[in-house]
Structures are given as C-alpha cells and as structure tokens.
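Please open the structure in your viewer and keep the selection tool at hand, since each stop on this tour begins with something to select. Take the stops in order, and turn the view whenever a new residue is named.

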Amino acid sequence: MASRTELIEAFRNQSRACAELGSPFMASLLETAAGELERSGSIAGLLASWLGDPVADAVPLRFAAALHALVLSGTAPELAAAYPSSGQATDPALVWRAALAAIEARRPDVESFLSSPPQTNEVGRSAAMLGGFLQIAKEAGGKPMRLLEIGASAGLNQPWDQYRYELGEAGQWGPSDSPVTVQAEWSGPQPPFDAAVKVAERAACDSAPVDPEDEQARLRLRAYVWADQPARMALLDAAVALVRRLGLRVEQGEAAAWVTERLRERAEDRVTVLFHSIAWEYFPDDTKTRIRDAVDAAGQDADMDAPFAWLRLEPPAGNGPGGGQPELRLTLWPDGKERCLAQAHTHGPPVCWYGAGEDTDHG
Ligand SMILES: C[S@@+](CC[C@H](N)C(=O)[O-])C[C@H]1O[C@@H](n2cnc3c(N)ncnc32)[C@H](O)[C@@H]1O
C-alpha cells in the first residue's frame, strides 16, 4: 500500500508538472488536494488506502479526471459552475468546496472512475510525428505507406495525413478543408512538405482500445483533458468526429504479438511504417524485447522495394515513466540508421525539429 507521504508527493509533483505544462487550474487543484491529504482531510479516506504505486498508477491524474468527468457528464452542476468551462474566473476555495460536495454525493461513481487506468489520446502528437512521416515518404520515393500503430488508444493519430497543420513560420501542411487543425509552435527548419504522401493501409492495436462510438469511453477520454485547456478539448472532439466518420477502429491486441504477426508479412512496393507515441514506457519489458526482435527481423528483410520504418515519439530511454522530453526517432531500412529528428512536448507542441540529420544524439 502507498504511504501517505508517497501519495502527497505524487500530487505535489503532478501539480508542478501541470504548472509547467500550462495548466494553472490543475496545478492549483492538485496542490489543494495534497494539502488536504496532509491534513487528513476528507479525501484521505478516498485515496489513502491506494494499493499500488501512486506515480505509476497516475493517481493524481485519475483524481482530477474523476472530478472532470462529473463536470462533463452534467452530474455535478455546482462543480461545473465553479470549473473553468463555466467561463467564470475560478476561485480555488470554491472549486474545492464544490469538489468535496460532488465526491460525497457521487462517491460510487468517483471510486469506479479511480479504479480504471488513465486513458489519453493526444492529437497534438501528430504535429511532432508529421515531420517523421514526411521524411519517410521522401526517402521511400513516395511509395504508398502501410501504417501500423501500437498503443493507439482511440486511434486519433491514425489519420495524421487528413489533418491540417499550422506550424507557425514553418508553414502549413495538409488539406485546407480538414475539420481538424493542429496548431503547433515549431522551431528549426521546415520538414519536407513537398514529399508525396499516399497512405495505402492503416491498422492499429491497443491492449485497451477506446471505442470512439461508445459515449462512456468518449467521456473518459475527454475527462483526462485538463479542464483549463479548451483548445486541447476542441482538437480531441474534432479528431474523434473525424475518426468516427472515417470508420477507423483500433484492434484489441497486445503490442508484441500484434506487431510480430503484422511484420511477418512483407509488403512489396510499399513502405511499412511501425509507429507509436508515449506508449513504450507502458509496455512490459518482455513486450519491448519481442517488439525489438520483430523490428530487427523486418529490418533485415527490407530492401528498396519494400522499405521498413520504425518511427517513435517517446521519452529518452531509461528515464522511467514520464521522464524527459519526448524525442522523435526514426530508423529506416534497408540502411537501418537511427536518427533523432525532433524533440517535442508531452502533448505534442511545441516541436523542435532538427531536420533529417544523421546523428542519433541530441542530448
Ligand atoms: C499514454 S497512452 C498513448 C496513446 C496514444 N499513442 C497517444 O499518443 O495519444 C498509452 C497507450 O498504450 C496502451 N498499452 C499499454 N500497454 C500495452 C500493450 N502491452 N500492448 C498494447 N497497448 C498497450 C494503453 O492502453 C494506452 O492506450
């Protein structure tokens, strides 16, 4: 069982991280919760007997999302009136009073929400991965892509080529009439916008996929968006609507078994692209080893007729959950050289694009 001190520290650390990631509301809410835990306030009864690791289980984010779910579902009108989405300036004391009242009134709902792992799907990560996809398209000579995504959640990064990107001074890319616009601060050179992109196939898996047709699943995904970040919420909603319209689905499957099976098949005249974002750290070690084995085998089998790319947006290896700024890394076979293309934010933007450089180490 987690000690009270560990729990309080997890809330304080998450509060600081939220402040750094542009969410003063979350920072304040989680700091207030940490203070209440310290004083053995009423939420101690809800959280103090947490059986797992509060950091690995992301307990502070579960707690904030449980409250946000009450707001979004319309089941806690007084809490909703105190939240940023009401359009009024938020008063932390008022928010906290309304939060405690809502927890008391809806305790079974809150407990049930807390008992499931977090579920997030960040569309903004497509902005960071876009440059990698374009680089692959360019180097594979415009061959149609066979896209394979693991840890895809609701699959919101699958139709990355259908989104419009506004990347500041680097320019725009994608269909100008797209219902989804991803805005990202961008530094560094322009990625190869002129590469010919054609997607022939898309497939994705997740051990716990989110069905975009399921209202409760959509609510859960929305609840994990921080309540004072309406632009992120609008992006999520627009992407969910597009994924539903396109009929894209994420298969239920364990990443290693799924990838091994898919990569066994060589795709002639296509470039096979295995990609993932902020998923690697959640895979068990055995899964990572088996994926690496499947990737090595596919790399050895690749040639100019059937190139193979491994594109990943993940925190630098070895830093543990949530550790370090995510890096966009690409290994493209047949030559099999690994490159670090960019550094990004946990939610995607801002993106620092290094270009198609050959070296793998940008610190
Ligand atoms: C933090 S989410 C990231 C989702 C998405 N890639 C994104 O960037 O928004 C990590 C995802 O990995 C999935 N996952 C964790 N372990 C897995 C496994 N062994 N096989 C497949 N998916 C897994 C989780 O269910 C979750 O949807």
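Begin with the ligand and select Glu254 beside it, where a polar side-chain atom of Glu254 lies 3.2 Å from a nitrogen atom of the ligand. The protein covers 91% of the 600 Å² of accessible area that the ligand has on its own. Please bear in mind throughout that the model is a predicted one.

**The ligand and its shell**

Next, select the residues around the ligand, of which there are 20, the closest being Glu122, Arg125, Gly151, Asp206 and Ser277. Which classes of residue make up this shell around the ligand? Sorted by class, the shell has six nonpolar, nine polar and five charged residues.

Two of the closest residues deserve a separate selection. At Gly151, show the backbone, for a polar backbone atom there is 2.8 Å from a nitrogen atom of the ligand. At Asp206, show the side chain instead, because one of its N or O atoms is 2.6 Å from an oxygen atom of the ligand, a distance within the 3.5 Å that a polar contact allows.

**Two residues with positive phi**

Now select Ser153, which is found in the loop between β1 (145-150) and β2 (164-166). Its phi is near 60°, a positive value in a residue other than glycine. Is Ser153 buried or exposed? Ser153 counts as buried because its relative accessibility is 2%, and the cut-off for buried is under 20%.

From there, move to Ile278, in the loop between β8 (271-277) and α12 (285-301). Here too the residue is not a glycine and phi is positive, near 45°. Ile278 has a relative accessible area of 14%, and so it is buried.

**Helix α10 and what lies at either end**

Select residues 230-246, which form helix α10, and look along its length: these 17 residues reach 24 Å from the first C-alpha to the last, close to the 24 Å expected at 1.5 Å a residue. Which residues of α10 are buried? They are Arg232, Met233, Leu235, Leu236, Ala239, Val240, Leu242 and Val243. If you then show the surroundings of these buried residues, you will find that what covers them includes α4 (59-73), β4 (181-183) and α9 (215-223).

Step back to Gln229, which has its place in the loop between α9 and α10. At 13% relative accessibility Gln229 counts as buried, and, leaving aside its neighbours within four places in sequence, Gln229 is in contact with Leu21, Gly22 and Ser23. Show the side chain of Gln229 and follow it to two backbone oxygens, that of Leu21 at 3.2 Å and that of Gly22 at 3.1 Å.

At the other end, α10 is followed by Gly247, a residue whose phi is positive, near 70°. Continue to Arg249, found in the loop between α10 and β7 (251-252). Arg249 counts as partly exposed because its relative accessibility is 39%, which falls between the limits of 20% and 50%. Apart from neighbours within four places in sequence, the residues in contact with Arg249 are Gln158, Asp211, Pro212, Glu213 and Val243. One of these, Glu213, makes a polar contact through its side chain with the side chain of Arg249, at 3.2 Å. You can also select Arg202, which is 47 residues from Arg249 in sequence but has its C-alpha 9.5 Å from that of Arg249 in space.

**Two cis peptide bonds**

Select Trp333 and Pro334 together, and look at the cis peptide bond that joins them, with omega about 25°. Pro334 lies in the loop between β10 (327-333) and β11 (337-345). Then select Pro349 and Pro350, which are also joined by a cis peptide bond, with omega about -5°; in this pair, Pro350 lies in strand β12.

**The last stop**

Finally, select Ala356, in the segment after β12 (348-353). Ala356 has a relative accessible area of 32% and is therefore partly exposed. Which residues is Ala356 in contact with, leaving aside its neighbours within four places in sequence? They are Gln135, Glu139, Arg339 and Leu341. To end the tour, draw a distance from the C-alpha of Ala356 to that of Pro192: the two residues are 164 residues apart along the chain, and these atoms are separated by 9.2 Å.

Definitions and conventions. Residues are numbered from 1 along each chain as its sequence is written. This is a predicted model: local features need pLDDT of at least 70, side-chain atom pairs count only at pLDDT 80 or more; totals for chains, interfaces and linings use all residues. Side-chain values use heavy atoms; hydrogens and water are left out. Helices (H or I, at least four residues) and strands (E, at least two) are DSSP runs, numbered from the N terminus. The expected span of a helix is 1.5 Å times one less than its number of residues. Buried means under 20% relative accessible area, exposed over 50%, partly exposed in between (1.4 Å probe, protein chains only). Contact means heavy atoms within 4.5 Å. A residue is near a molecule or strand if one of its heavy atoms lies within 4 Å of it. A polar contact is a pair of N or O atoms within 3.5 Å; within protein, one must be able to donate a hydrogen and the other to accept it, and residues adjacent in sequence count only if both atoms are side-chain atoms. Accessible areas come from the Shrake-Rupley method with a 1.4 Å probe; for residues, only the protein chains shown count as cover. Ala, Val, Leu, Ile, Met, Phe, Trp, Tyr, Cys and Pro count as nonpolar, Asp, Glu, Lys and Arg as charged, and the others, Gly among them, as polar.
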